[in-house]
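Hi,

Here is the structure I promised to pass on. Have a look at it first, and then read my notes underneath.

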Amino acid sequence: KEIIKRVFKYLSVLKKEKINRRYWEEFKKILQLGFDFKSKSDPINSTKKLCINLLRFKEEDVLSGQYICGDFNEELISKYLNLLSPENCNIFLQSPSIKEECTYIEQWYKTKFTKEKFSLSQEEIENCECSHPLGYPPENTFIPSSLDLLPVPNEIQKYPNKIFSSKRCNLWYKQDTTYKLPKAYVRCKISLAKNTCGNNRI
């Protein structure tokens, strides 16, 4: 319940602030990048998603509907933001610890479950204390402002070159000269020293 209170505390803070258009612009750019440079996916998964989209969008928007952001509408955003309340939500909890409380059996998969009414007062939400500040996050600096590619070098490197090195980090880079798309394949390897995870720290 503490997690749920914090979620609605965060929502209450957002409801009191003016809708920030910058985050809508960021979301729109991310959707457009996702559509323009979508990777090839497994046929069965693509078919499943398109079937779902047939129920959500018009026929001509089945392929692009989930990537179309539309026009900025502050009134509409505020309307749906205000609908996010404890009275309008379903909360799902999955845990082996509540196995004995599951007295209902689902019709098709015979999965055991339970259900009960949930309530959360506005007073509980307002009195919820958070150790970190709540509000809009800072600007997303990882959204590219330019999709221009670096020129292909005269000599194509066979292996990645180390371009940065410190006591805490080594970074290698190899430019793609085959697909020539503004995309990157990133692989990280994190090594933890002994006792690094002590006291619940990672």
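Below is what turned up, sorted by kind of contact and then by a few backbone and surface points. Keep in mind that this is a predicted model.

**Salt bridges**

A search of the whole structure gives 7 salt bridges. Take the one between Lys-1 and Glu-124, whose side chains meet at 3.3 Å, N to O. Lys-1 sits in the segment before α1 (2-16) and Glu-124 in helix α5 (residues 122-126), so this bridge ties together parts that are 123 residues apart in sequence. Lys-1 is exposed at 52% relative accessibility, while Glu-124 counts as partly exposed at 29%.

Then there are bridges inside helices. In helix α1, Arg-6 and Glu-2 are 4 residues apart, which means about one helical turn separates them. Their side chains form a salt bridge at 3.7 Å, N to O. Both ends are partly exposed: Arg-6 has 33% relative accessibility and Glu-2 has 39%.

Helix α2 has a pair with that spacing too, since Arg-22 and Glu-26 are 4 residues apart there, about one helical turn. The closest N and O atoms of this salt bridge are 3.4 Å apart. Arg-22 is partly exposed at 30% relative accessibility, but Glu-26 is buried, with a relative accessible area of 12%. As for networks, Glu-2, Lys-5 and Arg-6 are joined into one by salt bridges that share partners.

**Aromatic pairs**

The structure holds 4 aromatic pairs. How are the rings of Trp-24 and Phe-72 arranged? Their planes stand at 65° and their centres are 5.5 Å apart, so the pair is edge-to-face. This pair also links distant parts of the chain: Trp-24 belongs to helix α2 (residues 21-36) and Phe-72 to the loop between α3 and α4 (74-82), 48 residues apart. Trp-24 is buried, with 12% relative accessible area, whereas Phe-72 comes out as partly exposed at 21%, given that the cut-off for buried is under 20%.

Another of the pairs, Tyr-104 with Phe-113, is stacked, with 25° between the planes and 5.4 Å centre to centre. Tyr-104 is partly exposed at 39% relative accessible area, and Phe-113 is partly exposed as well at 32%.

**Backbone: two lysines with positive phi**

Most residues other than glycine have a negative phi. Lys-110 has a positive one, near 60°. Lys-110 is in the loop between β1 (104-105) and β2 (112-113), and is exposed, with a relative accessible area of 58%.

Lys-180 has a positive phi too, near 55°. You'll find Lys-180 in the segment after β4 (170-173). With a relative accessible area of 49%, Lys-180 counts as partly exposed because the label exposed needs over 50%.

**Surface charge**

Which residues make up the patch of positive charge on the surface? Lys-38, Lys-48, Lys-49 and Lys-183 gather there. Of these, Lys-48 is placed in helix α3 (residues 43-56) and is exposed, at 51% relative accessible area.

If you only have a minute, start with the bridge between Lys-1 and Glu-124 and the ring pair of Trp-24 and Phe-72.

Cheers

Methods
Residues numbered from 1 in each chain as written. Predicted model: local features only at pLDDT ≥ 70, side-chain atom pairs only at ≥ 80, totals over all residues. Heavy atoms only, no water. Patch = residues over 30% accessible without salt bridge, like charges linked within 9 Å, V, L, I, M, F, W, Y side chains within 5 Å. Areas by Shrake-Rupley, 256 points an atom, 1.4 Å probe, with all protein chains shown as cover. Salt bridge = Lys/Arg side-chain N within 4 Å of Asp/Glu carboxyl O. Lys, Arg positive; Asp, Glu negative; His and termini not counted. Charge placed at Lys NZ, Arg CZ, Asp CG, Glu CD. Buried < 20%, exposed > 50% of the residue type's maximum accessible area, 1.4 Å probe, protein only. Phe/Tyr/Trp six-rings, centres within 6.5 Å; stacked < 30°, edge-to-face > 60°.
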